[in-house]
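Me: I am new to this structure and would like a close look at a single part of it, namely the salt bridges and the helices that carry them. Please set that part in its surroundings and take me through it step by step.

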Amino acid sequence: MRTFIAILLACAALLSAGCFGASTNPREGGLFGYNPDAYEARQRERQEQVSAIRQEQAREEAASARLEQKKKQKAAQVSKQERDVKALSAEVNVLSGKINALKKGTEEQRAQAAALEQRRNALQKAGSALQEQPDSAARQKKLLQLREELRQLEQEAEDLSNL
């Protein structure tokens with residue numbers, strides 16, 4: 001009988017140890033280990049984590065929207081520059097026609113037309129290289145320089161044709 005009581009006490013001790021868990025997690029706390037204050041603290045902690053994640057998500061979405069807007073602006077800038085390069089190329093072609101007309105003039109006009117043609121060829125090569133340039137700020141600067149040089153060439157060609 002003593003053995004039976006000893007076994008019964010041992011089983012009771014093991015069962016009570018399982019029911020009185022030390023964890024504040026209701027899933028692990030055991031039958032008598034439920035602590036409402038600990039449960040509320042865990043719930044508040046989880047809510048704070050969710051709130052922090054949502055705030056981080058909102059910041060990331062705002063940053064993404066800013067980057068998307070910047071991307072659209074850059075794409076518009078690049079497309080405008082490409083149109084400007086094409087317009088410059090068309091103007092160079094018009095200048096070529098004027099230079100060809102000058103080649104039919106006097107000896108002095110032909111000599112000056114040859115010099116203008118060399119400068120036009122250099123301008124045309126620079127315009128072609130400009131299309132390959134990836135940096136839009138440098139491309140814009142070079143485009144302005146080429147446009148100014150084109151204006152000078154056009155003015156010289158116009159002056160020569162008026163002689």
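Reply: Accessible area, as used here, comes from the Shrake-Rupley method with a 1.4 Å probe. The model is a predicted one, and in it the protein exposes about 12100 Å², of which carbon and sulfur atoms supply 55%. Of the 163 residues, 19% count as buried, where buried means a relative accessible area under 20%. The secondary structure comes to 4 helices and 0 strands, so that the pattern along the sequence reads α-α-α-α. Among the contacts with a separation of 6 or more, 58% are between residues 24 or more positions apart.

The search of the whole structure finds 6 salt bridges, and several of them can be followed residue by residue, beginning with the helix α2. This helix covers residues 36–102. At 1.5 Å a residue its 67 residues should span 99 Å, and because the C-alpha atoms at its ends are 98 Å apart, the expected and the modelled span agree. The buried residues of α2 are Ala38, Gln81, Asp84, Val85, Leu88, Glu91, Val92, Leu95, Ser96, Ile99 and Leu102, a list that includes the charged residues Asp84 and Glu91.

Aspartate 84 forms a salt bridge with lysine 80, and the closest N and O atoms of the pair are 3.0 Å apart. Both residues lie in α2, 4 residues apart, which is about one turn of the helix. An α-helix has 3.6 residues a turn, so residues three or four places apart point the same way. The two partners differ in exposure: aspartate 84 counts as buried because its relative accessibility is 18%, under the 20% cut-off, whereas lysine 80, with a relative accessible area of 43%, is partly exposed.

Glutamate 91, also in α2, meets the side chain of arginine 151 in a salt bridge of 2.7 Å, N to O. Arginine 151 lies in helix α4, and therefore this pair ties together parts that are 60 residues apart in sequence. With a relative accessible area of 34%, arginine 151 is partly exposed. Arginine 151 has a further partner in glutamate 154, with 3.1 Å from N to O; these two are 3 residues apart in α4, and so are separated by about one helical turn. Glutamate 154 is buried, with a relative accessible area of 18%. Through shared partners, salt bridges join Glu91, Arg147, Arg151 and Glu154 into one network. Side chains of opposite charge can pair when their charged atoms come close.

The helix α4 can be checked in the way that α2 was. Its 26 residues should span 38 Å at 1.5 Å a residue, and because its end C-alpha atoms are 36 Å apart, the two values agree. Its buried residues are Ser136, Arg139, Leu143, Leu146, Leu150, Leu153, Glu154, Ala157 and Leu160, and this list places Glu154 of the network beside nonpolar residues that are buried as well.

Those nonpolar residues lead to the core. The largest nonpolar core has 17 residues, of which Leu95, Leu102, Leu116, Leu123, Leu146 and Leu150 touch the most other members. The elements giving two or more residues to this core are α2 (36–102), α3 (107–132) and α4 (136–161). Leaving aside residues up to four places away in sequence, leucine 116 touches Ile99, Leu102, Leu153, Glu156, Ala157 and Leu160. In soluble globular proteins, nonpolar side chains tend to be buried together.

Two features of the surface complete the surroundings. Lysine 86 lies in α2 and is exposed, with a relative accessible area of 60%; its C-alpha atom is 9.8 Å from that of serine 128, although the two residues are 42 apart in sequence. Elsewhere, Met1, Phe4, Ile5, Leu8 and Leu9 form a nonpolar patch on the surface, with about 590 Å² of accessible area together, and leucine 8 of this patch is found in helix α1, residues 2–19.

Conventions:
Residues numbered from 1 in each chain as written. Predicted model: local features only at pLDDT ≥ 70, side-chain atom pairs only at ≥ 80, totals over all residues. Heavy atoms only, no water. Buried < 20%, exposed > 50% of the residue type's maximum accessible area, 1.4 Å probe, protein only. Contact = heavy atoms within 4.5 Å. Core = buried A, V, L, I, M, F, W, Y, C linked by side-chain atoms within 4.5 Å. Patch = residues over 30% accessible without salt bridge, like charges linked within 9 Å, V, L, I, M, F, W, Y side chains within 5 Å. Salt bridge = Lys/Arg side-chain N within 4 Å of Asp/Glu carboxyl O. Expected span 1.5 Å × (residues − 1).
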